[in-house]
Each structure stands twice: as C-alpha cells, then as structure tokens.
Amino acid sequence: MNLPKCSFIISVYKDTESLGFILESLERQTVLPDEVIISEDGDSVEMAEYFPKAQEQFPKLNLIHLTQEDIGWRKNRALNRAIVASKYEYLIFIDGDCVPFDSFVENHLLLAEENIAIAGRRIEFSE
C-alpha cells in the first residue's frame, strides 16, 4: 500500500486526560501517522508536565508539542502554527475531545486526493 505521509494535528487546551485517550487510540491505528502535533491553545503547566510522560508512554508516535501564550481563545492561530510546523502535506485535524476509531488514519489516507478536503462529524456517546 503506497499511502501518503501525514501530520496528525490535535487541538487541545489543558485536558491531558482526553489527550491520553487520543494518543492511546493513535498508537493502535492500523496505519500510524508520521507525526502527531499537539497544538495547545495556551501554555499550561498541566500539559508541560504531561508531554514528557506521553513521549515515554507512546514511543511509536512522533510527538510534537506546540504552545502559545494563553491570552484568550486563539485556537485558529494555534492550528495555523501547527500547519506551518508540519512536515507532511496531508494533514488530519481533530479536537482534543475526539477519540478516533482504529482505522481512522488509514481511511483518511486511502481517500486522500490532491486538492480535496475530507470532513466528517463526530458521534457523541453517553458516559
């Protein structure tokens, strides 16, 4: 299978518990992303303490953590910075409270076409 390389960008704000679920899911993907950019809209102590632990806990993932000054909601700026920092042309975005199913990355890459954007909706489960 000749799939494009991809950057997987996760938009987060302090929620390390949800991020842990996402990273667990990414490590179990049928196709791993080539890099995982954690795009933090802020510079929280929680995330700064969590990131080195995540790097140890998820060695299969090429984790990158980007921060910015926490001066209010600036998610789009944080995502733009993640795009600039990404190494690969194919980008997959999710929010920090969405856990992808096991073939999420593979399905994206199988559907990848030049100049095409793929969008989806999430399913919310109860507790």
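Is K75 buried, partly exposed or exposed? In this predicted model, K75 has a relative accessibility of 21% and therefore counts as partly exposed, since the buried class is confined to values under 20%. The partner of K75 is D95, and the two side chains meet in a salt bridge with an N to O distance of 2.7 Å. This pair links distant parts of the chain, given that D95 belongs to strand β4 and K75 to helix α3 (residues 75-85), with their positions 20 residues apart in sequence. D95 is likewise assigned to the partly exposed class, because its relative accessible area is 33%.

The structure holds two salt bridges. Apart from the pair of D95 and K75, a salt bridge is formed by D34 with K5, where the closest N and O atoms are 3.8 Å apart. Here too distant parts of the chain are linked, with D34 placed in the loop between α1 and β2, K5 in the segment before β1, and 29 residues separating them along the sequence. D34 counts as partly exposed because its relative accessibility is 25%, and K5 is also partly exposed, with a relative accessible area of 48%. In general, side chains of opposite charge can pair when their charged atoms come close.

With regard to overall architecture, the protein chain comprises four helices and four strands, and these elements follow one another from the N terminus in the order β-α-β-α-β-α-β-α. The C-alpha atoms occupy a box of roughly 40 × 30 × 30 Å when the extents are taken along the principal axes. The radius of gyration of the protein chain is 14 Å, which agrees with the value near 14 Å that a compact globule of 127 residues would have. Of the 127 residues, 42% count as buried, and the accessible surface comes to about 8100 Å², of which 49% belongs to carbon and sulfur atoms. Among the contacts between residues at least 6 apart in sequence, 79% join residues that are at least 24 apart.

The interior was examined next. The largest nonpolar core has 24 residues, and those with the most contacts inside it are F8, I10, L23 and L26. At least two residues of this core are supplied by each of β1, α1, β2 (35-40), α2 (45-57), β4 and α4. Apart from it lies another core, of five residues, which includes I9, I37, L79 and A82. When residues up to four places away in sequence are not counted, I10 touches L19, I22, L23, L26, V36, I37, I38, S39, I94, D95 and G96. The contacts of I10 thus include D95, the residue that is paired with K75. As a general tendency, nonpolar side chains in soluble globular proteins are buried together.

Helix α4 (104-111) contains the buried residues F104, V105, E106, H108 and L109. The cover over the buried residues of this helix includes β1 (6-12), α1 (16-27) and β4 (90-95). At the surface, L110 and L111 join M1, I116 and I118 in a nonpolar patch, with about 530 Å² of accessible area together. I116 is found in the segment after α4 and counts as partly exposed, because its relative accessibility is 46%.

Several further positions concern α1 and the loops of the chain. K14, which lies in the loop between β1 and α1, has a positive phi of about 65 degrees although it is not a glycine. The side of K14 open to the probe gives a relative accessibility of 33%, so that this residue counts as partly exposed. In helix α1 itself, F21 is partly exposed, with a relative accessible area of 43%. F21 and G96 are 75 residues apart in sequence, while their C-alpha atoms are 9.5 Å apart in space. A further pairing across the sequence involves C98, which is found in the loop between β4 and α4, and S18; these residues lie 80 residues apart along the chain, and their C-alpha atoms are separated by 7.9 Å. C98 counts as buried because its relative accessibility is 17%, whereas F21 in helix α1 falls in the partly exposed class.

Note on methods: Residues numbered from 1 in each chain as written. Predicted model: local features only at pLDDT ≥ 70, side-chain atom pairs only at ≥ 80, totals over all residues. Heavy atoms only, no water. Patch = residues over 30% accessible without salt bridge, like charges linked within 9 Å, V, L, I, M, F, W, Y side chains within 5 Å. Areas by Shrake-Rupley, 256 points an atom, 1.4 Å probe, with all protein chains shown as cover. Salt bridge = Lys/Arg side-chain N within 4 Å of Asp/Glu carboxyl O. Buried < 20%, exposed > 50% of the residue type's maximum accessible area, 1.4 Å probe, protein only. Contact = heavy atoms within 4.5 Å. Rg over C-alpha atoms; globule rule 2.2 N^0.38 Å. Core = buried A, V, L, I, M, F, W, Y, C linked by side-chain atoms within 4.5 Å.
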